[in-house]
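The following exercises are intended for a reader who meets this structure for the first time. Each task is followed by a solution in steps.

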Amino acid sequence: MTIVIDCGHGGIDKDGNYTTSPAKQAKVSGKWIFEGVLNRTIGGMLAHLLEWDGYKVVFTVHPNDSKDVALKERVKIANANSDGVLLSIHCNAFNGSARGFEIFTSKGQTNSDKVAQNIANAVEKVVTPYGMPLRFDYTDGDKDKEVDYYVLRKTKGTAVLVECFFFDNAKDMELFNDKDFLTKFVTALYKGVTSKI
(Lines give C-alpha, C1' and ligand atoms only; values in the text may rest on other atoms or scores of the structure.)
Protein backbone atom coordinates (compact mmCIF):
# COMPACT_ATOMS: atom_id res chain seq x y z
CA MET A 1 0.00 0.00 0.00
CA THR A 2 1.14 3.53 -0.76
CA ILE A 3 0.95 6.20 1.93
CA VAL A 4 1.04 9.78 0.66
CA ILE A 5 2.40 12.01 3.42
CA ASP A 6 1.39 15.65 3.11
CA CYS A 7 3.42 17.84 5.47
CA GLY A 8 1.24 20.92 5.69
CA HIS A 9 2.60 24.43 5.04
CA GLY A 10 6.22 25.43 4.59
CA GLY A 11 9.46 24.97 6.46
CA ILE A 12 12.59 26.98 7.20
CA ASP A 13 14.63 27.72 4.06
CA LYS A 14 18.44 27.75 3.72
CA ASP A 15 18.49 31.43 4.74
CA GLY A 16 16.60 30.75 7.96
CA ASN A 17 13.30 32.20 6.74
CA TYR A 18 9.94 30.58 7.36
CA THR A 19 8.32 30.03 3.96
CA THR A 20 4.75 30.38 5.27
CA SER A 21 5.50 33.60 7.18
CA PRO A 22 3.76 35.46 8.71
CA ALA A 23 1.06 32.81 9.15
CA LYS A 24 1.22 29.51 10.99
CA GLN A 25 3.69 30.60 13.65
CA ALA A 26 3.43 31.56 17.30
CA LYS A 27 5.66 32.60 20.18
CA VAL A 28 5.35 30.07 23.01
CA SER A 29 7.30 30.38 26.26
CA GLY A 30 9.60 32.91 24.60
CA LYS A 31 10.37 30.72 21.57
CA TRP A 32 9.01 30.95 18.03
CA ILE A 33 7.18 27.81 16.89
CA PHE A 34 6.57 27.20 13.18
CA GLU A 35 3.76 24.83 12.26
CA GLY A 36 5.36 23.67 9.02
CA VAL A 37 8.49 22.60 10.90
CA LEU A 38 6.44 20.52 13.36
CA ASN A 39 4.50 18.95 10.48
CA ARG A 40 7.75 17.99 8.77
CA THR A 41 9.14 16.48 11.95
CA ILE A 42 6.07 14.28 12.36
CA GLY A 43 5.95 13.41 8.64
CA GLY A 44 9.61 12.44 8.56
CA MET A 45 9.31 10.20 11.60
CA LEU A 46 6.19 8.56 10.19
CA ALA A 47 7.86 7.95 6.82
CA HIS A 48 10.77 6.24 8.54
CA LEU A 49 8.42 3.79 10.27
CA LEU A 50 6.44 3.13 7.11
CA GLU A 51 9.47 2.57 4.88
CA TRP A 52 11.13 0.36 7.48
CA ASP A 53 8.00 -1.82 7.40
CA GLY A 54 7.94 -2.01 3.59
CA TYR A 55 5.28 0.55 2.73
CA LYS A 56 5.74 2.81 -0.28
CA VAL A 57 5.88 6.44 0.85
CA VAL A 58 5.20 9.37 -1.46
CA PHE A 59 5.55 12.95 -0.23
CA THR A 60 3.64 15.96 -1.49
CA VAL A 61 6.67 17.84 -0.20
CA HIS A 62 9.67 16.10 1.36
CA PRO A 63 10.26 16.88 5.05
CA ASN A 64 13.73 18.21 4.11
CA ASP A 65 12.22 20.60 1.53
CA SER A 66 11.21 23.98 2.94
CA LYS A 67 8.87 25.09 0.17
CA ASP A 68 5.16 25.58 0.79
CA VAL A 69 3.38 23.61 -1.94
CA ALA A 70 0.05 24.82 -3.32
CA LEU A 71 -3.03 22.77 -2.40
CA LYS A 72 -3.69 22.00 -6.07
CA GLU A 73 -0.22 20.43 -6.40
CA ARG A 74 -0.67 18.44 -3.18
CA VAL A 75 -3.95 17.02 -4.51
CA LYS A 76 -2.36 16.25 -7.89
CA ILE A 77 0.27 14.10 -6.17
CA ALA A 78 -2.36 12.39 -4.01
CA ASN A 79 -4.52 11.62 -7.05
CA ALA A 80 -1.55 10.13 -8.89
CA ASN A 81 -1.46 7.61 -6.01
CA SER A 82 -5.21 7.28 -5.46
CA ASP A 83 -4.94 3.56 -4.65
CA GLY A 84 -3.19 4.54 -1.42
CA VAL A 85 -3.99 6.73 1.58
CA LEU A 86 -3.30 10.45 1.85
CA LEU A 87 -2.42 11.58 5.37
CA SER A 88 -2.24 15.37 5.58
CA ILE A 89 -0.31 16.38 8.70
CA HIS A 90 -0.98 19.66 10.47
CA CYS A 91 -0.88 21.31 13.88
CA ASN A 92 -3.54 23.73 15.07
CA ALA A 93 -3.63 27.12 16.82
CA PHE A 94 -6.21 29.13 18.77
CA ASN A 95 -4.85 32.06 20.78
CA GLY A 96 -2.84 29.70 22.98
CA SER A 97 -5.97 28.62 24.82
CA ALA A 98 -6.92 25.36 23.08
CA ARG A 99 -5.25 21.95 23.15
CA GLY A 100 -5.53 18.52 21.67
CA PHE A 101 -5.79 16.22 18.69
CA GLU A 102 -8.36 16.43 15.90
CA ILE A 103 -9.00 14.33 12.81
CA PHE A 104 -10.88 15.27 9.64
CA THR A 105 -12.38 13.65 6.54
CA SER A 106 -14.53 14.93 3.70
CA LYS A 107 -18.31 14.97 4.06
CA GLY A 108 -20.25 11.72 3.80
CA GLN A 109 -19.37 8.15 4.71
CA THR A 110 -16.36 6.90 2.75
CA ASN A 111 -13.36 4.67 3.23
CA SER A 112 -11.63 7.73 4.69
CA ASP A 113 -13.91 7.51 7.73
CA LYS A 114 -12.70 3.97 8.45
CA VAL A 115 -9.05 4.96 8.26
CA ALA A 116 -9.72 8.06 10.38
CA GLN A 117 -11.41 5.91 13.02
CA ASN A 118 -8.41 3.58 13.13
CA ILE A 119 -6.03 6.52 13.52
CA ALA A 120 -8.24 8.13 16.18
CA ASN A 121 -8.43 4.91 18.18
CA ALA A 122 -4.66 4.39 18.07
CA VAL A 123 -3.91 8.00 19.04
CA GLU A 124 -6.48 7.92 21.85
CA LYS A 125 -4.66 5.03 23.54
CA VAL A 126 -1.40 6.97 23.53
CA VAL A 127 -2.44 10.50 24.46
CA THR A 128 -5.06 9.78 27.14
CA PRO A 129 -2.52 8.83 29.86
CA TYR A 130 -0.76 12.15 29.22
CA GLY A 131 -3.94 14.18 29.66
CA MET A 132 -3.96 15.46 26.09
CA PRO A 133 -7.52 16.34 25.01
CA LEU A 134 -9.17 14.54 22.13
CA ARG A 135 -11.35 16.86 20.07
CA PHE A 136 -13.61 14.26 18.47
CA ASP A 137 -17.03 14.68 16.85
CA TYR A 138 -19.36 11.75 17.55
CA THR A 139 -22.46 13.19 15.85
CA ASP A 140 -22.39 10.65 13.02
CA GLY A 141 -21.19 7.72 15.11
CA ASP A 142 -17.43 8.02 14.60
CA LYS A 143 -14.66 10.31 15.83
CA ASP A 144 -13.71 12.34 12.76
CA LYS A 145 -14.94 15.80 11.88
CA GLU A 146 -16.37 16.01 8.37
CA VAL A 147 -15.34 19.18 6.56
CA ASP A 148 -15.02 20.70 3.11
CA TYR A 149 -11.24 21.19 3.11
CA TYR A 150 -9.84 21.32 -0.43
CA VAL A 151 -7.19 18.65 0.08
CA LEU A 152 -9.82 16.20 1.36
CA ARG A 153 -12.63 17.11 -1.03
CA LYS A 154 -10.48 17.02 -4.17
CA THR A 155 -8.51 13.86 -3.40
CA LYS A 156 -10.07 10.94 -5.29
CA GLY A 157 -8.93 8.19 -2.95
CA THR A 158 -8.78 7.79 0.82
CA ALA A 159 -7.78 11.05 2.51
CA VAL A 160 -7.46 12.00 6.17
CA LEU A 161 -6.19 15.21 7.76
CA VAL A 162 -4.84 15.29 11.31
CA GLU A 163 -4.30 18.32 13.55
CA CYS A 164 -1.75 16.78 15.87
CA PHE A 165 -1.10 19.50 18.46
CA PHE A 166 -1.96 23.14 19.07
CA PHE A 167 1.40 24.69 18.28
CA ASP A 168 0.55 27.90 20.14
CA ASN A 169 -0.20 26.05 23.40
CA ALA A 170 2.62 25.58 25.92
CA LYS A 171 1.32 22.26 27.28
CA ASP A 172 0.92 20.74 23.83
CA MET A 173 4.43 21.90 22.92
CA GLU A 174 5.81 20.32 26.08
CA LEU A 175 4.40 17.02 24.84
CA PHE A 176 5.75 17.57 21.33
CA ASN A 177 9.21 18.18 22.79
CA ASP A 178 9.02 15.01 24.91
CA LYS A 179 10.83 12.53 22.63
CA ASP A 180 9.22 9.52 24.30
CA PHE A 181 5.73 10.95 23.84
CA LEU A 182 6.36 12.06 20.26
CA THR A 183 7.66 8.61 19.32
CA LYS A 184 4.57 6.99 20.81
CA PHE A 185 2.33 9.51 19.06
CA VAL A 186 3.89 8.98 15.63
CA THR A 187 3.79 5.21 16.16
CA ALA A 188 0.06 5.56 16.81
CA LEU A 189 -0.36 7.43 13.52
CA TYR A 190 1.55 4.63 11.83
CA LYS A 191 -0.57 1.90 13.41
CA GLY A 192 -3.78 3.73 12.54
CA VAL A 193 -2.99 4.51 8.92
CA THR A 194 -1.82 0.93 8.25
CA SER A 195 -4.62 -0.87 10.09
CA LYS A 196 -6.66 -3.37 8.13
CA ILE A 197 -9.94 -1.79 7.04
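**Exercise 1. Locate Lys24 and describe its backbone and exposure.**

Solution. Lys24 lies in the loop between strands S1 and S2, where strands (E, at least two residues) and helices (H or I, at least four) are DSSP runs numbered from the N terminus. The model is predicted: local features need pLDDT of at least 70, side-chain atom pairs count only at pLDDT 80 or more, and totals for chains, interfaces and linings use all residues. Residues are numbered from 1 along each chain as its sequence is written, and side-chain values use heavy atoms, with hydrogens and water left out.

Next, consider the backbone. Lys24 is not a glycine, yet its phi is positive, at about 60°. With a relative accessible area of 36%, Lys24 is partly exposed; buried means under 20%, exposed over 50%, and partly exposed in between (1.4 Å probe, protein chains only).

**Exercise 2. State which peptide bond is cis and where Pro22 is found.**

Solution. The cis bond joins Ser21 and Pro22, with omega of about 5°. Pro22 is found in the loop between S1 and S2 (25-28).

**Exercise 3. Determine whether Ser29 is buried or exposed, and give its phi.**

Solution. Ser29 is found in the loop between S2 and strand S3 (31-34). Its phi is positive, near 50°, in a residue other than glycine. The relative accessible area of Ser29 is 71%, so Ser29 is exposed.

**Exercise 4. Describe how H1 and H6 pack.**

Solution. Two packed helices are described by the angle between their axes and the distance between the axes. For H1 (residues 35-52) and H6 (residues 179-194), the angle is about 60° and the axes are 9 Å apart. Axes are lines fitted to C-alpha atoms, for helices over the stretch in contact, and angles run from 0 to 180 degrees between N-to-C directions. H1 and H6 are therefore oblique to each other, since angles under 35 degrees count as roughly parallel, over 145 as roughly antiparallel, 65 to 115 as roughly perpendicular and the rest as oblique.

Then list the residues that meet (contact means heavy atoms within 4.5 Å). Those of H1 include Thr41, Ile42 and Met45, and those of H6 include Leu182, Val186 and Tyr190.

**Exercise 5. Identify the buried residues of H2 and their partners.**

Solution. In H2 (residues 71-79), the buried residues are Arg74, Val75, Ile77, Ala78 and Asn79. They pack against S1 (2-7), S4 (56-59), S5 (85-92) and helix H4 (150-153).
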